[in-house]
Each structure stands twice: as C-alpha cells, then as structure tokens.
Amino acid sequence: MSEKKILTATEQPDTGSALKKSLEMTSADVVFEVRESEIRGRGGAGFPTGIKWNLAGAASGSNKMVICNADEGEPGTFKDRYLIENYALKLLEGMTIAGYAIGSSHGIIYLRAEYPYLIPIIEKAREDLIRENLLGENILGKDFNFDIEIRPGAGAYVCGEETSLIESLEGKRGVPRNKPPYPVNSGYLFRPTVVNNVETFAAVPHIILNGAEWFQDLGIGDCTGTKLFSISGDIENPGVYELPMGSTIGELLEAAGAKDVQAVQVGGASGATITADELERSLSFDDLPPGGSVIVFNSSRDLMDVLENFLEFFVHESCGQCTTCREGNVRLLDAVHLIRNGEISSMEELEPFFQLAEVMKIGSKCGLGQTSPNCFIDIVTRFIDLPDGKGGA
Amino acid sequence: MPNISVKINGTLTSVREGITILEACGTAGVEIPTLCYHPDLSLAGNCRMCLVEVEGWRTLAIACVTPVIPNMVVNTHSKKVRHARRTVLKLLLASHNVNCPECERNKNCELQELAEKHNITSNEYQTSPKPESIEEVSPGIMRDNSRCIMCTRCVRTCEELQSVAVIKPVGRSSSVTISTFMDRSLNDVPCTQCGQCVIRCPTGALFETSEVRPVWEAIENPDKFVVFQTAPAVRVGLAEALGLPIDRSTGQMVAAIRGMGVDRVLDTDFTADLTIIEEGHELISRLKSALVDGDESVALPMMTSCSPGWIKFIEHKYPELLSNVSTCKSPQQMFGALAKTYLAGKEGIDPAKIVSVSIMPCTAKKFEKERPEMRDSGYKDVDYVLTTRELARMIDEAGIDFEKITEEKFDRWMGDSTGAAVIFGATGGVMEAALRTAYEIVSGQEIPFDGLNIEPVRGMEGIKEAAITMPERMATGFEFLAGVTLKVAVAHGLANAKILMDKVRSGEADYHFIEIMACPGGCLGGGGQPIPTSPEIRQKRTESIYAEDAALHFRKSHANPEIQLLYAEFLKEPLGHKSHELLHTHYIKRD
C-alpha cells in the first residue's frame, strides 16, 4: 500500500455538505454511521469513537460538551497542526456533527500552548462557517445551535490525557482524574463530555458523506480508515503522510525516503521502538501504536542518548500525582545513568528496573505513566550491549 | 442499592452495589494497605498502595476508588499485586527522608508500618541520595517536606474540612511539593494553625512545634513555680496517645503530671466554667441592649471565642463579623491571666517565677499564646503550650506507668470544675454549658432538658440548630426575655463554619448565639490530639466526654465552688472591671 489521501486530499468535499447530510438524518443515525465505520480514536488510545458518542448521547445531564483535543504534545507529532493549518473547516464541521449527534451546543478546542499561530486560522474558519449558517444559531435553518471556542493550554504534556485536559479547562491543575466516572458521563464541569482528537473529528465529515462501509474498506480488520503519520528523524522527506490503517512501517519509511535505519520509534516517546528487522510490522491498534509520531534513527545514533532524552522528557512531564509515575521515571532515568557509568553491567542487575517498568505499566493512574516505561524496555532489551555480553542487538 | 456478588481471593461475597473494592474487601475481612486514603476525605487514588488485580482488566485497579461491579473477580495477593505494593513502597522510601529515630512520628507512621509489614529490608531503587530535612516553622505547626510522600491528605483536609485551602501541590513530577501561595511560610498565609493536616499526615511531614524541652527545663529549675492546666479534651485523648484504649483518664493524668515534678496541676475546665459565666452574661447583656434598648450597634448573633483556629479564620476571612465574636478570652488565656495574678496571690508566689504551661488538644493554642494581646497579667499569660501528644511523650520519658498509676485530684484554687466545663471538649459543649447557666440566670429555673442533656446541640452533624423558648415568668431584671425564643446554632470544622458565616453575612441567619469549633468533632478532634483520627475514634472520645460530664457532682458552671470564691474574693462580678482587664480581649483584621 502507499499513500491514500482522504483527510489530506487536495480536493475536499464542499464545506458543510457532510453537516447538511447529517442534519437530514436523526442524531441516532449519525451516531450509528460513525459507530459502523468503526473509527477508533486518532489520539493514540484507539477507543471506538461511535461507542463514545453513543455513551455521551445516552448519558443523563444537560449542557453536553464536545471537546477537541488539540494538545498535540507527543514528541515528534505534528499531524494535528498540519490538519488545523490546512483543513480547519473540516475539523469544525466534524465537531459540529458530533454536537448534533450527542445533543450538545458547545464545543471547545483545547489547543496546544505552542500553537498560538493557529488561533487566527481557527477563528477565520469559525467566522466563515457562521457566515454560511454552518455554525452558530439555528444551523441550516434547523433547531440546532452549536458554537466552538478556543482555549489554549499552558504547555503540560499530561494535558493531552483527556481528564487532565478537562481539569485544565476548568482552571485547575492539569492532573488526571480517577475513572470511573468517565468523561462521557461526567466530564467538563461534571457534564457529559466527548473528547476526541483533531484527526478523529476531521475524519467524521468523510465518513458521513461516503458511508461507514467505504471507511471500513480503507483500513484493515477493525482498524478502519486512513491514518496520518508525522515522520521525522533520519529520512529524506520528513512530513505528514496519510496511509491506510494497517500499512506496514516499511511502506511508510519508503514513502518518506528512509535509507539507513537502525531503529524506528513508533507512536511517540511512549510508543514502541523497533529494529530494522521489524519493518513488516503494521501500523494498527493490533500491532504498532498508530498514534501519529514516527521517528527514524540511523546507525550513527546512540540509542542510549535517545533513551536518556525520552526519560528526561517523562521525568519533566510527569504530573507528579501518582507514585509510580512520579518516582518511577526518575528511577528508570537513574538506571540509564548507571548503565552509562558502568555501575550496572548485567541484565541481572537491571531486573528490578524491568520489574519497576512493569509495575508502572499496570499501576500508574493514566496513560503517561503506563506507557513511559516502553522506551526503557524496548531500547534496553533490543539495542543495548551490556558489558556481560547479554542484552542488546 | 441491591446486593451483588463478587469474588474476592476465590471466595464469593455478597456486597452492596456501588461500594468500592476497598470497602468490599473490608466486609470480606481482607486487608488492603492504603496511604492516601482517609475516611474523612475525598478519594485521591494517587499513592497506588491499594492496587489489586481484577480479572480481565489490562491494568491493576486502585481499591479505594474503584466501585465493585457484579461478578467482579478481585485478587489482592497475586504476584502482580505483591510486586506492585513492594515497588510502590520502595519508590516512596527511596525519596523519603528516612531518619525514623529522629522523627516525631517514629512508631506511629503509616509508611514505616507498611514497610515493616511488607518486609522491605533493602531498596534497589535507592539510586540517588535521600532528601535532607527542610524544616519550616510556624507557632503551631512545623513542616518537613523531605518526609512528604505526596498523598495530599493535608491538601484535602485544608480544603474540604476547613475551607482554608492554603496548601496545594506545586510544581510537577519529582519536584512537586506541597506548598503555599508563592511558597510563603505558613506564617504569611491565612493558615489557621488548626493542625487538622498534622493529624491526617501519614508520615512526619507535618507535626507540632514542640516545646517539650523548655518545659522540662522549667520543671528542673528550682527557682521556677511550674503550673500546668489541662484542657477538657486532653483527658479523653491522653490514654490513647500512650497506646492504651480510648477512655477518660483524668485522675491518672493529674497523677502523671504531678509525678513529672510539676508544682501545681490545675484545670482549664475551671476557666471553662469561668468562660460560661462571663460569656453567658455577655450574651444576656447583648440581648438586652438589642431587645430593650434598641441599640442597633450591638452585634448579634454572638459567636463563641474559645477556638483559636476559628478566631484566626474569622480574622482572615470574615473580618466584618469580628464584633459578633464574644470578647471573652479562651479558657486557656483566662487561666493564664489568672495564674499570674489571682493564683500568685493565693499561693503567695512572685508571678515572675510562675511558668504557666497548658496541655491542649490543639496546635492553634500555640499560636494563641503568642498573640500580643495575651499579656494582661503583666507577663506572658501562658508560657508554653503542649499538645496531648507532647504530654504523652513527656510521661513516657519520665518512665511513668500510666496504666498502673493511682488517680489523683487537681490542686486547689483553680482545680474545681463541673460537667459543663468538660463538655467544652465536644462540639456543642460550649453551647450546652452556656444554655445550662444562662437559662437559669434569667429564669431562675433549670433548663427543661432531661438530665440537663441538651441533645439537639450534641452529635456529629456538621451544623446543628436549636430553639429554646424562655418561660413566661422570668427572674427580676430579665422580664424582657419572657417568652422569647432563643435561636442557636453550632458548627464544627471550618468548612461548616464558613457555611454559617455566609448565612450570617447575607442576613439569612437569625440566630442569637453561635458556637464554632475549628476542628471536626470539636476539641476532642483537635490538631494536638492522638494520631490517627477517624469518625469512629472521635465518636468514642465524645462518649468519654459525656460520660465524664454525667459522672461529675456539679453539672452547671455557676455551681462551681471555686468560681464562686473567685468572684467573691477577686473578680467581684461578671463583666466587672477586673474581668475586663484580665478576661476579655479584642480581635484584629488579618489579610
């Protein structure tokens, strides 16, 4: 497979056509269509969007909320920025359709602090839509109101986690909540809330216009549709690529022009790190996390540098709330220093740190602490040569 | 909620739907270790100590937060769970300033206890040095963040129970700390010094500012005449602080203090009775000015002034209501002012030689005694304040066997007290004591409650209300109160005080008299009391307090013979010249 541009196609369906079609359907039918498409959340966790909408739609409570997670903070990810820069109208249309589907009249875009230059773009799209009666009061003459506001974040990585994002939106310290309750039942200001990624919303108009079956056919198995990837690192053509879900990492690398590959980081710092022997593995929720970021490291790179850098990032970005993440990342980083200093020289000595990594994965409060040890496990077991000859490639 | 069936460690159990795994395990007799969980507080779920395995779940579940669902299969001692618990403990210990023998909480520390229970004898995660002590001092409370495990119990206490919210997590990741606005000292924020955070801290990150050393030095100095006063709630907390079951231990307490070498063992209960006389007359006088003289400048409802945490709270948060607060000093400070005047005269001792020490269930009392207004005797009225816990440490250090000691009585002049005084230790107690006396002063009859027990103001309800209608026939001079219904309210815990104050400020409340205690449960739940605390523990202490009341010969403050003597010989009359000089005070607006 090679590139398949849908969300990033030059020719886009007319603005508002999907919304118009949606408003001619019942809200339940819109949810049904999205559910049938089997689209899964494009932020990385891959929760089925239709189920989320269905739960929020069915939840009791008024003033339901549609929140767009545009806090694109995973190192090496820039696909949402690209979508907003070029396809803001589709994002806003997707959010409006979500509002209609779940019975909400209020949308918020939580925008990454480092993206302030996108605000005028979104504002202009909003004004254009209002002028066309595609946003605001009595949209397309129907008894449906929906508007969208932009709220910039403040730079914390953890606020990409949906409950931290909600806390931050409420003006509080951005730290994850305990679940349950889930946002679909009690989210922003205790209201039923749908939080979806930019790319998820941007895909919705295409699903509505072309149908669930068409979307399913684009992907593989229950990983449907196309997916955007931000690829960077030691390649000739870094940038955003759109490929069918289930494409192999090799296909993506080929498209981006990768020549010398030692390792590939897939799904960001919290994703998986694979070797050049694993390029047949697929980008899907069943295999390599298709969150969005792909970073290529050539043979000149010392992966201990990479690992140290990632762990420094997590030590810096842990919110500090739960013990395993707050203390665990520090100890994993310490272990890296001990390896580098030669104070740890065998896999046996590393065993407690692998055990720590496992506890972090199953014992941390949110996705940050649950995935931050991945880089440690992957890089230390696959790429590092310890003096005792064990471990590493 | 109906019952559902869950399987815990292989055993099917029927539990109420909607309860947490922790609660379900409790019913099933399965113990789950916890740290951030506290029965008085909201659920944080941040320590990860209570992780358990739920069949079919990708991650472990935290038992304290996760509700049980039908047919849930829970395992609390699988390999995964055991590893997780040990790892969490080791991570906490690795960044904890483990200087246990020097720690105030040694042998009464939840982290230490869990480490021992889980047999943590080595720590692979000690990959960098432990933090060093970083002490911060305020009059009542000290902090050492190097012992903090970020459970946030203190933060939740300050916000949820006390509506004070001066401490919060600041910063993130491993550099997160519990701190104040702009990292200020507790002295420079509206901290009430109530110490509720101290009694909920699982480790020694928060503790009282100790004065044990100067008190020993005073006792050991032959030139000093050391006078102790003991607050009502101390006698129902001391046994517990010494590791014994919760019970009242007044006689043993007196004997133990005397055994430590103290010159006079006297009772704050004596000045509690005195407070009732002064405050009761103040209330009647305010009512008269308002009802008879039509004086609109008289502030009603009148509010009690015994609780120094409450006083600091209102000074910070509701300064416009300060004229509503009774001008009576707290019993501790009345005692202090009398010890260096009246008692000095009675004992024939130079007041300059008197060292006045009070034993309090309270950390805010340490702040109160430092207030510049509290020097009306011509000296510092109270020199040192020790918490119940500090007294227990001194008794231990003195080698006194509290269980075997023979009960003794308080010394004379300021040692008599009544049941009305001892109930100052429980929420509603001051109100009940005041009503017992005030009603009788104005009507000439006993208050019409069975056994003088004014049940509507007792108990753990956060805000309690009562209305007492005065009889038609009143004592001479109080006819203006005939048939008047006196409306009163009682709140404990500053979050409840805030609710009442908002109503008073908006004019929504039409009470005549309000009792406020800063601490949940009243003084028996004070920040200087034994650790831990819980609703059950406070309930038991409350029962001890009322048992003490019922057992005392005199139940009404005005019946106290030594109080009668004090007025006859020294004060002359309630609200008189001498009273104003020594027993009344004023308050200040604080930012």
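**Exercise 1. The loop around Pro181(A)**

Find which loop of chain A holds Pro181(A), then work out which residue shares a cis peptide bond with it.

*Solution.* Start with the place: in this predicted model, Pro181(A) sits in the loop that runs between α6 (162-169) and β4 (193-197) of chain A. Next, look at the peptide bond between Pro180(A) and Pro181(A): it is cis, with omega at about 0°.

Now try chain B. Leu300(B) and Pro301(B) are also joined by a cis peptide bond, this time with omega at about -5°. Pro301(B) belongs to the loop between α8 (268-291) and β13 (302-303) of chain B. Why bother picking these out? Because most peptide bonds are trans.

**Exercise 2. Two positive phi angles**

Take Ser173(B) and Lys572(B) and decide for each: buried or exposed?

*Solution.* Begin with the backbone. Ser173(B) isn't a glycine, yet its phi is positive, near 55°. Lys572(B) isn't a glycine either, and its phi is about 75°.

Then place them. Ser173(B) is in the loop between β8 and β9 (177-179) of chain B, while Lys572(B) is in the loop between α17 (561-571) and α18 (577-582) of chain B.

Last step, accessibility. Ser173(B) has 2% relative accessibility, so it counts as buried, the cut-off being under 20%. Lys572(B) has 59%, so it counts as exposed, since that label needs over 50%.

**Exercise 3. What surrounds Gln529(B)?**

Say where Gln529(B) lies, whether it is buried or exposed, and what its side chain meets.

*Solution.* First, the place: Gln529(B) is in the loop between β18 (513-517) and α16 (535-551) of chain B. Second, its relative accessibility is 0%, so Gln529(B) is buried. Third, check the side chain: it makes a polar contact with the side chain of Thr388(B), at 2.6 Å. Finally, leave out neighbours within four places in sequence and list who else touches Gln529(B): among them are Ile199(B), Ala233(B), Pro361(B), Arg389(B) and Arg541(B).

**Exercise 4. Far in sequence, how far in space?**

Work out how far apart Ala475(B) and Gly444(B) are, in sequence and in space.

*Solution.* Along the chain, Ala475(B) and Gly444(B) are 31 residues apart; C-alpha to C-alpha, they are 5.5 Å apart. Ala475(B) is in the loop between β16 (463-469) and β17 (485-492) of chain B. Beyond residues up to four places away in sequence, Ala475(B) touches Ile441(B), Val442(B), Ser443(B) and Gly444(B).

**Exercise 5. Where the chains meet**

Describe the contact between chain B and chain A: how many residues, how much buried area, which salt bridge?

*Solution.* Count residues to begin: 35 come from chain B and 34 from chain A. The buried area is about 2,800 Å², with carbon and sulfur atoms giving 54% of it.

Now the pairs. There is 1 salt bridge between the chains, and its partners are Arg172(B) and Glu317(A), 3.1 Å from N to O. There are also 22 residue pairs in polar contact. On the chain B side, α2 (79-94) and β8 (168-170) each supply at least two residues, and α2(B) gives the largest share, 8 residues. Sorted by type, that side has 19 nonpolar, 11 polar and 5 charged residues.

**Exercise 6. The nonpolar cores**

Name some well-connected members of the largest nonpolar core, then follow the contacts of Leu350(A).

*Solution.* This core has 57 residues, and those touching the most other members include Ile67(A), Leu307(A), Leu350(A) and Phe376(A). Ignoring residues up to four places away in sequence, Leu350(A) touches Ile339(A), Ile344(A), Phe376(A), Val380(A) and Leu386(A). Apart from this core lies another, of 55 residues, including Val34(A) and Leu129(A).

Terms used:
Residues are numbered from 1 along each chain as its sequence is written. Chains are lettered from A and ligands numbered from 1 in the order in which they are written. This is a predicted model: local features need pLDDT of at least 70, side-chain atom pairs count only at pLDDT 80 or more; totals for chains, interfaces and linings use all residues. Side-chain values use heavy atoms; hydrogens and water are left out. A nonpolar core is a set of buried Ala, Val, Leu, Ile, Met, Phe, Trp, Tyr and Cys residues joined through side-chain atoms within 4.5 Å. Buried means under 20% relative accessible area, exposed over 50%, partly exposed in between (1.4 Å probe, protein chains only). Contact means heavy atoms within 4.5 Å. Buried area is the accessible area (1.4 Å probe) that two parts lose on being put together, summed over both. A salt bridge is a side-chain nitrogen of Lys or Arg within 4 Å of a carboxyl oxygen of Asp or Glu. A polar contact is a pair of N or O atoms within 3.5 Å; within protein, one must be able to donate a hydrogen and the other to accept it, and residues adjacent in sequence count only if both atoms are side-chain atoms. Helices (H or I, at least four residues) and strands (E, at least two) are DSSP runs, numbered from the N terminus. Ala, Val, Leu, Ile, Met, Phe, Trp, Tyr, Cys and Pro count as nonpolar, Asp, Glu, Lys and Arg as charged, and the others, Gly among them, as polar.
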